[in-house]
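Student: I have this model open at the bench and would like a close look at one part of it. Could you pick a spot, walk me through it, and then show me how the rest of the protein is put together around it?

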Amino acid sequence: MTTLKRKRLSLREKIYILDYRKNNGNVGIRALAEKFQVGKTQIVDIVSNTEEIYKAWVENENEELKLTKLRKSEGSVIDKELLVWFSKTREKNLPVSGPTIQEKAKQLAEVHGLNDFKASNGWLEKFRKRHNISFKSICGEASAVDRIAVDDWKKKLPNIIDKYEKRDILNADETGIFFKVLPNKTMAFKNETCSGGTVSKERLTVLLCCNIIGEFERPLIIGKAKRPRAFKKLDVNKFPVDWCWNKKTWMTTQIMTDWLMKFDKQMIKSQRKVLLSRQCSSSSPS
């Protein structure tokens, strides 16, 4: 049996094939292929994308627009494969962000040779609406502050900092970096219940110090080991940060005191009188 070479059919020709099938009792794939002298695979593609083809016919002014596979970037190929990937990812309870969806769509477009496809923010919004996907928090934590104390402090602060140059007004604070923790928000189906899995507690503590004009002091990082395996062939003293360690990777009074003494010596050497603020914590020296 002779295999027919795939033709490039115009939008009008595809509509004609679909109308013929509709008006003749849903003629089979083989009969349509023989009638219009095209391959069966091509007929299957056209029939599978009936809705998209009719929609394009209504929206497109260029009736003779020739497309081998009609707008695959916005049609079934990327949309269906992306939805399958999204569903499987959420079944594993993994968080999925908007940029992640856009990047996956670009990868699928590249696989299918759709070089003109753009996973824009507008495209993402339409994809979410088509499949009833919303952006949800996996978990959250409420917090409150004493507004009276804040307002009172804001009145006093200008008088305190007025005696210092901007480069000499600094703030230091530490933060935890949970480098194995997944995001706490995800794209999800609107009727889907979001729940997080076991949260990794592996962390580093980082102390950052910066002045008002955005100049940073040398960061301090607290890890779990004096010399982690990853540092085996590295000279810690050449790092662009100061490295400290303890079993819990927490800021301690001793580490904070050592940092303050070092910071004080640097300011004396630079002949600078500075104002350093820091949130009070259990590690703050008395």
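Tutor: Happy to! One term first: two residues are in contact when heavy atoms of theirs lie within 4.5 Å. Please also keep in mind that this is a predicted model.

Let's start at A119. This residue sits in the loop between helix 6 (98–111) and helix 7 (121–130). Is A119 buried or exposed? A119 has a relative accessible area of 9%, and because buried means under 20%, A119 counts as buried. Which residues does A119 touch, once neighbours within four places in sequence are set aside? They are Q102, A105 and K106. For A105, the C-alpha atom is 6.6 Å from that of A119, although the two residues are 14 apart in sequence.

Now look at the aromatic rings in this region. F117 and W123 make an edge-to-face pair, with 5.6 Å between the ring centres and 85° between the planes. F117 is buried at 12% relative accessibility, and W123 is buried too, at 8%.

That pair belongs to a wider set, since the structure holds seven aromatic pairs. Another of them joins Y16 and F36, again edge-to-face, at 5.8 Å centre to centre and 90° between the planes. Y16 belongs to helix 1 (residues 11–23) and F36 to helix 2 (residues 29–36), so this pair ties together parts that lie 20 residues apart in sequence. F36 is buried, its relative accessible area being 17%. Ring pairs also bring in Y20, giving a cluster of Y16, Y20 and F36.

From the rings we can turn to the strands, with strand 5 (residues 220–223) as our guide. Both of its faces are covered. On one side L220 and I222 are buried, and on the other I221 and G223 are buried as well. This pattern is easier to read with one general point in mind: in a regular strand the side chains alternate between the two faces of the sheet. Strand 5 pairs with strand 4 (residues 204–211) in the antiparallel sense, over three bridges. V206 has I221 as its bridge partner there. Strand 5 also pairs with strand 6 (residues 242–245), this time in the parallel sense and over four bridges. In that pairing G223 stands opposite W245.

A salt bridge is found in this part of the fold too. The side chains of R218 and D242 meet at 2.7 Å, N to O. R218 lies in the loop between strand 4 and strand 5, while D242 is in strand 6, so to speak a link between distant parts of the chain, 24 residues apart. The partners differ in cover: R218 is partly exposed at 36% relative accessibility, whereas D242 is buried at 15%.

The count of salt bridges comes to nine. One of them joins D168 and R272, with the closest N and O atoms 2.8 Å apart. D168 is in the loop between helix 8 and strand 2 (169–177), and R272 is in the loop between helix 9 (253–269) and strand 7 (275–278), which puts the two 104 residues apart. D168 and R272 are both buried. Through shared partners, salt bridges join R167, D168 and R272 into one network.

Helix 8 (residues 147–161) offers a local counterpart. D152 and K156 form a salt bridge there, their closest N and O atoms 3.4 Å apart. These two are four residues apart in the helix, which means about one helical turn separates them. D152 is partly exposed at 38%, and K156 is partly exposed at 44%. I160 is also in this helix, and at 34% relative accessibility I160 is partly exposed. Together with W153 and L157, I160 makes a nonpolar surface patch of about 260 Å².

Finally, step back to the protein as a whole. There are nine helices and seven strands. Of the 286 residues, 31% are buried. The protein exposes about 20,200 Å², and carbon and sulfur atoms supply 52% of that area. Among contacts between residues at least 6 apart in sequence, 67% join residues at least 24 apart.

Definitions and conventions:
Residues are numbered from 1 along each chain as its sequence is written. This is a predicted model: local features need pLDDT of at least 70, side-chain atom pairs count only at pLDDT 80 or more; totals for chains, interfaces and linings use all residues. Side-chain values use heavy atoms; hydrogens and water are left out. Patches are made of residues with over 30% relative accessible area and no salt bridge: like charges are joined within 9 Å, nonpolar side chains (Val, Leu, Ile, Met, Phe, Trp, Tyr) within 5 Å. Accessible areas come from the Shrake-Rupley method with a 1.4 Å probe; for residues, only the protein chains shown count as cover. A salt bridge is a side-chain nitrogen of Lys or Arg within 4 Å of a carboxyl oxygen of Asp or Glu. Buried means under 20% relative accessible area, exposed over 50%, partly exposed in between (1.4 Å probe, protein chains only). Rings of Phe, Tyr and Trp (its six-membered ring) pair if their centres lie within 6.5 Å; planes under 30 degrees apart count as stacked, over 60 as edge-to-face and the rest as tilted. Two strands pair if DSSP finds at least two bridges between them.
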